[in-house]
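User: Please take a close look at a single part of this model, one loop residue and the elements around that loop, and describe in a connected way how this part is placed and what it touches.

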Amino acid sequence: PHDDHGPYVPVFATGTAARAELDQLLTRYPTKMAGLLPALWIVQRERGWVSDEAMAEVADALDLTAAYVKGV
């Protein structure tokens with residue numbers, strides 16, 4: 001549905017600066033769920049918008065459902 005943006009490139013791929021930032025960020029919160037908004041802010045900063053694919057990636061990284069992330 002977002003062909004004008006090309007194929008999805010993960011923001012939080014292993015070894016990326018964004019992944020390191022997310023991992024560091026999560027140490028400040030009692031649960032992964034608590035890091036949801038900051039994780040979405042990282043995606044927004046890196047991509048300029050938050051696509052469905054990015055929401056699914058954040059959900060996977062935080063052990064949440066994609067539906068929960070989309071609801072936020």
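Analyst: The residue to begin with is Asp63, which is found in the loop between α3 and α4. What follows rests on a predicted model, and every value in it is computed from that model. The backbone of Asp63 deserves attention, since its phi is near 60 degrees, a positive value in a residue other than glycine, and this positive phi comes just after α3. With a relative accessible area of 59%, Asp63 is exposed, because exposed stands for a value over 50%.

The side chain of Asp63 meets that of Lys32 in a salt bridge, at 2.9 Å from N to O. Lys32 lies in the loop between α1 and α2, whereas Asp63 lies in the loop between α3 and α4, so the pair ties together parts that are 31 residues apart in sequence. The two partners differ in their class of exposure: Asp63 counts as exposed, while Lys32, at 37% relative accessibility, counts as partly exposed.

On the N-terminal side of this loop stands α3, in which Ala54, Met55, Glu57, Val58, Ala59 and Ala61 are buried. The buried residues of α3 pack against α1 (17-26), α2 and α4. Val58 also belongs to the largest nonpolar core, a set of 19 residues in which Phe12, Leu22, Leu36, Val58, Leu62 and Val69 have the most contacts. The elements that give two or more residues to this core are α1, α2 and α3. As background, nonpolar side chains in soluble globular proteins tend to be buried together.

Leu36 shows how this core reaches the surroundings of the loop. Leaving aside its neighbours within four places in sequence, Leu36 is in contact with Val58, Leu62, Leu64, Tyr68, Val69 and Val72. One of these partners, Tyr68, has its place in helix α4, which covers residues 66-71, and with a relative accessible area of 39% Tyr68 is partly exposed. Tyr68 is also part of a nonpolar patch on the surface, formed together with Met33, Leu37, Trp41 and Val72, and the accessible area of the patch is about 520 Å². Tyr68 and Val72 thus appear both among the contacts of Leu36 and in the surface patch.

At the other end of α3, Ser51 lies in the loop between α2 (36-47) and α3 (52-61). Ser51 has 4% relative accessibility and counts as buried, and a polar contact of 3.2 Å joins its side chain to that of Glu53. The loops on either side of α3 can therefore be set against each other through these two residues, Ser51 being buried and Asp63 exposed.

For the wider setting, the structure holds five salt bridges, and the pair of Asp63 and Lys32 described above is a salt bridge of this kind. Another joins Arg45 to Glu21, with the closest N and O atoms 2.6 Å apart; this pair links distant parts of the chain, Arg45 in helix α2 and Glu21 in helix α1, 24 residues apart. Arg45 forms a salt bridge with Glu46 as well, where the closest N and O atoms are 2.9 Å apart, and Glu21, Arg45 and Glu46 are linked in a network of salt bridges. The members of this network are partly exposed, with a relative accessible area of 49% for Arg45, 32% for Glu21 and 39% for Glu46.

Terms used. Residues numbered from 1 in each chain as written. Predicted model: local features only at pLDDT ≥ 70, side-chain atom pairs only at ≥ 80, totals over all residues. Heavy atoms only, no water. Patch = residues over 30% accessible without salt bridge, like charges linked within 9 Å, V, L, I, M, F, W, Y side chains within 5 Å. Areas by Shrake-Rupley, 256 points an atom, 1.4 Å probe, with all protein chains shown as cover. Salt bridge = Lys/Arg side-chain N within 4 Å of Asp/Glu carboxyl O. Helix = DSSP H or I, 4+ residues; strand = E, 2+ residues; numbered from the N terminus. Buried < 20%, exposed > 50% of the residue type's maximum accessible area, 1.4 Å probe, protein only. Polar contact = N/O pair within 3.5 Å; in protein donor to acceptor, adjacent residues only side chain to side chain. Contact = heavy atoms within 4.5 Å. Core = buried A, V, L, I, M, F, W, Y, C linked by side-chain atoms within 4.5 Å.
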